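Could you walk me through this model in the viewer, stop by stop? Please tell me what to select next and what I will find there.

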Amino acid sequence: MHQKLTVPVEADPEGGTRRGTQLLEALSRRAREAGVDIPVQLNTPYLNTIPVEEEHPYPGDRVLERRIKSLIRWNAMAMVHRQNKKDPGIGGHISTYSSLATLLEVGFNHFFHATYGDQPGDFVYFQGHASPGVYARAFLEGRLTREQVENFRHELRDTPGLSSYPHPWLMPDFWRFPTVSMGIGPLNAIYQARFMRYLENRGIIQKTPRKVWAFVGDGESDEPESMGSLTLGSREKLDNLIFVVNCNLQRLDGPVRGNGKIINELEAAYRGAGWNVIKVIWGADWDRLFALDRSGLLLKRMEECVDGEYQNFKAKGGAYIRKEFFGKYPELLELVADLSDDDLYRLHRGGHDPQKVYNAYKRAVEHQGGPTVILAKTVKGYGLGSAQARNATHQEKKLSDEALAAFRSRFEIPIPEEAAHEGSLYKPGDESPEITYLKDRRRELGGYMPLRESRQAGFVAPPLEYYSDSLASSKGREVSTTMAFVGILRHLLKDPKIGKLIVPIIPDEGRTFGMESIIRQVGIYASQGQLYRPHDQDMVLYYREAKDGQILEEGITEAGSMASFTAAGSAYSNYGVRMIPFFTYYSMFGFQRVGDMIWAFADARGKGFLMGGTAGRTTLSGEGLQHQDGHSIVLSSTVPTCATYDPAYAYELAVIIQDGIRRMYQEGEDRFYYITLYNEDYAMPEMPEGCREGILKGIYKYRPAPGGKAALQLFGSGPILNEALRAQTILAETYGIQADVWSVTSYNELRREALAAERWNRLHPAEPARRPHILNVLDGAEGPIVAASDYMKVVPDQISPWLSGRLVTLGTDGFGRSDNREHLRRHFEVNAESMAGAALSRLADPAIA
Ligand SMILES: Cc1ncc(C[n+]2csc(CCOP(=O)(O)OP(=O)(O)O)c2C)c(N)n1
Ligand SMILES: [Mg+2]
């Protein structure tokens, strides 16, 4: 193998660097081809990615910006300190913001645009527990009053306070994105950036230079959600996405990678995932040392040290740094001989140097073709004196009088010492240079942020008649509610007005749910279009990907799909377009798999439809323990804004979806829906007269007793309604017992309504009592009630407090089994025979009768 190594020679305006790179690349490629095992190297030297000679000068007033930042630091610390003095245990964090201040302030002063024309500007996902710093800035901006700030974490007082963390539910005009559950912010940010492109590529919003910024903790990076979708960013070439990882080397208990270097670990992971990585490790004061160090020993020493030691250096002071860091090599000691211990202690880390941070941001904003991550090295508890860089720093809530005094003088806060001890807030006058500068900068960037808008006017939901196909009988044709849903979705997608707003989301289950026809109809969104000819192109329902495709086929990721659902479900606020997402998934892998993300979705005032497919522990046959869901309805009941429905028939589904679109998008209600979909085929009846309200409230009489007055009531939900109907026949024909059959579409809604009525009565003893809907509905309906569903017994049990002991509940408690429906229903005792048996046993019980 003695071929000549030829490398094409190009005109090289950048001098030798590029030529050198080409040669090295060609060499290593040839060596690999020849079978040489060259190790893959994803790490670059432990230095700033941007060399000093490539830096641009800082565009702002460094002195004034430092003053402003100091004031924000003080107020952020003071609001936590004073609150914990006043109300011990109320909590809050001071060390996170202190490490983040420069990273945020450079953004606020120079990068975070508030608007782009009539579109909102950049989206910023803030590290949740750094919220005091964001509040402190808004206080200086005059957007939050002193009273509000003084009520940090006191939300239930006469003067409303500030929520602990970013919660749009609690501060709907302020926070856009819930982030404090670690990992959810970064994951949602990636999909937000992708959804922005989706809206642009589909022509729903205009293209803007807007960015999605996500501030992420280094400890937070351990969450699988933080790292799990990185490749989506590069695959989709999301150059509208910028992560800033605040590498303060610590998390809650101690160092993130005491025995290693988190920056190196993250650099390799992000580079491997195809991101543009910019490391901001060292501040400008190190540059002089690097320039003097001709031997490369300084870098060598830096690379030797692990994070546990770096933490030590910032905790133990200059003398320690001299001895332990520089002292290892005499040449390095020599290098810093003219620096005092204080000078050594003050040598900055990159994330605290505005010049370095500015340059990293500038490069990130200008980078094209993919996402950028900035790995910024900072100090946890920066400036908190003895609390700086300690393992216990995260827990710091209060400072001693001395520490407060030291903080005050270090950051030059012009307040008397007593006021400092109190942790008094400080804001200079509106005409002061600081406030003027700060406001000018924000004006330049389009206004204040964070800021959340709720733009909702002028939407008309299609009326019920619009869904007439689903309201009619299927004329004996056996279909499932899943197929009925696909019919509704197809119909909605065709609508000239709202069709384009529908966002079907599926985690690689489109075929499970019979959605092939929709794939053909509206296409799968693919930012690159379709670069191949699908093998099934000759068929009617071929696999179609398109740049303006409408379906988000996310692959096997419920978490990613939920992040898309979140971006789409909050688009009404974030982009001013009322996107209507339908996320259809295996019901088992929803609330219990991504429940925390659903919780955050609710916090974000998300709207849309979660469609729990293959629902029911006995209806999904064969799949067994890990697939058969008999409890998602219990979990969904825990989310305050989630309306849950368990419909049996196509018309019920249509009524619920019609009203859902109306309430969420026309009336602007902040709620969303969880609807079960089953895969059992049966004939769909025509919608009976007058049941619309009942369907929505949760119950209506479906089939009265065939032979006169009923002595018994049978409740059924989903496909188990058919078992109730069969039980009605068994009881009448075999035992001569008459029973009414009710379709219960939502025990969760019935319970909520009953609880609300009961509470109202408690608070209004002098007024005529309200009667829970379930009691009104059951007026005149006598005898025991046997309720069965494909879900746990606790689902119907929710309404037992109002049923005076009449309720007998059957349900699918326990682990699923692999068998067919008939055997499963017998096993779980939710078949017609079990319902009839339960009725007989109850009617025969002398103690109750
Ligand atoms: C899912 C989740 N688990 C645990 C916590 C509790 N928690 C709050 S802050 C924190 C440590 C964060 O460390 P890091 O991400 O490094 O942020 P830093 O404060 O160091 O900037 C933890 C574990 C949480 N908020 N969310
Ligand atoms: Mg950390």
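Before the first selection, one yardstick: buried means under 20% relative accessible area, exposed means over 50%, and partly exposed lies in between (1.4 Å probe, protein chains only). This is a predicted model, in which local features need pLDDT of at least 70, side-chain atom pairs count only at pLDDT 80 or more, and totals for chains, interfaces and linings use all residues. Residues are numbered from 1 along each chain as its sequence is written, chains are lettered from A and ligands numbered from 1 in the order in which they are written, and side-chain values use heavy atoms, with hydrogens and water left out.

**Stop 1: a buried charged pair**

Select Arg-194 and Glu-236. Glu-236 is buried, with a relative accessible area of 15%, and Arg-194 is buried too, at 5%. The two form a salt bridge, their closest N and O atoms being 3.8 Å apart; the term stands for a side-chain nitrogen of Lys or Arg within 4 Å of a carboxyl oxygen of Asp or Glu. Arg-194 lies in helix 6 (residues 184-201) and Glu-236 in the loop between helix 8 (230-235) and strand 5, so the pair ties together parts that are 42 residues apart in sequence. Helices (H or I, at least four residues) and strands (E, at least two) are DSSP runs, numbered from the N terminus.

**Stop 2: the parallel sheet**

Now show strands 3 to 7. They make an open sheet of five strands in the order 3-4-5-7-6, with parallel pairing; two strands pair if DSSP finds at least two bridges between them. Why is one side of strand 3 (123-125) and of strand 6 (276-280) left without a neighbour in the sheet? Both stand at the edges, each with a single partner strand, so nothing in the sheet flanks the other side. Neighbouring strands here are turned by 15° against each other on average, direction ignored.

Zoom in on strand 3 and strand 4 (residues 212-217): three bridges join them, and Tyr-125 has Ala-214 in strand 4 as its bridge partner.

Next, add the helices. Helix 3 (residues 95-110) lies across strand 4, strand 5 (241-247) and strand 7 (372-377), at about 140° to strand 5. Helix 16 (residues 354-366) lies across strand 4, strand 5, strand 6 and strand 7, at about 175° to strand 6. For these angles, axes are lines fitted to C-alpha atoms, for helices over the stretch in contact, and values run from 0 to 180 degrees between N-to-C directions. Contact means heavy atoms within 4.5 Å.

**Stop 3: the nonpolar cores**

Select Phe-243 and whatever surrounds it. Leaving aside neighbours within four places in sequence, Phe-243 is in contact with residues including Pro-186, Ile-190, Ala-214, Trp-275 and Val-373. Which residues have the most contacts inside the largest nonpolar core? They are Phe-195, Phe-243, Phe-326 and Ile-657, in a core of 183 residues. Such a core is a set of buried Ala, Val, Leu, Ile, Met, Phe, Trp, Tyr and Cys residues joined through side-chain atoms within 4.5 Å. Another core, of 72 residues, lies apart from it, with Ile-50, Ala-78, Phe-111 and Tyr-358 among them.

**Stop 4: more salt bridges**

The count comes to 47 salt bridges. Pick Arg-363 and Glu-54, whose side chains meet at 2.5 Å, N to O. Arg-363 lies in helix 16 and Glu-54 in the loop between helix 1 (16-33) and helix 2 (62-86), so this pair ties together parts that are 309 residues apart in sequence. Arg-363 is partly exposed at 31%, as is Glu-54 at 41%.

Then go to helix 19 (residues 433-444), where Asp-440 and Arg-443 are three residues apart, about one helical turn. Their side chains form a salt bridge (2.9 Å, N to O). Asp-440 is partly exposed at 35%, whereas Arg-443 is exposed at 58%.

**Stop 5: the mixed sheet**

Finally, select strands 18 to 22, an open sheet of five strands in the order 18-20-19-21-22, with mixed pairing. Strand 18 (699-703) and strand 22 (807-810) stand at the edges. Neighbouring strands of this sheet are turned by 25° against each other on average, direction ignored. Four bridges join strand 19 (residues 712-716) to strand 21 (residues 785-788), which run parallel, and Gln-713 has Ile-785 as its bridge partner in strand 21. Helix 34 (residues 832-844) packs on the sheet, touching strand 19, strand 21 and strand 22.
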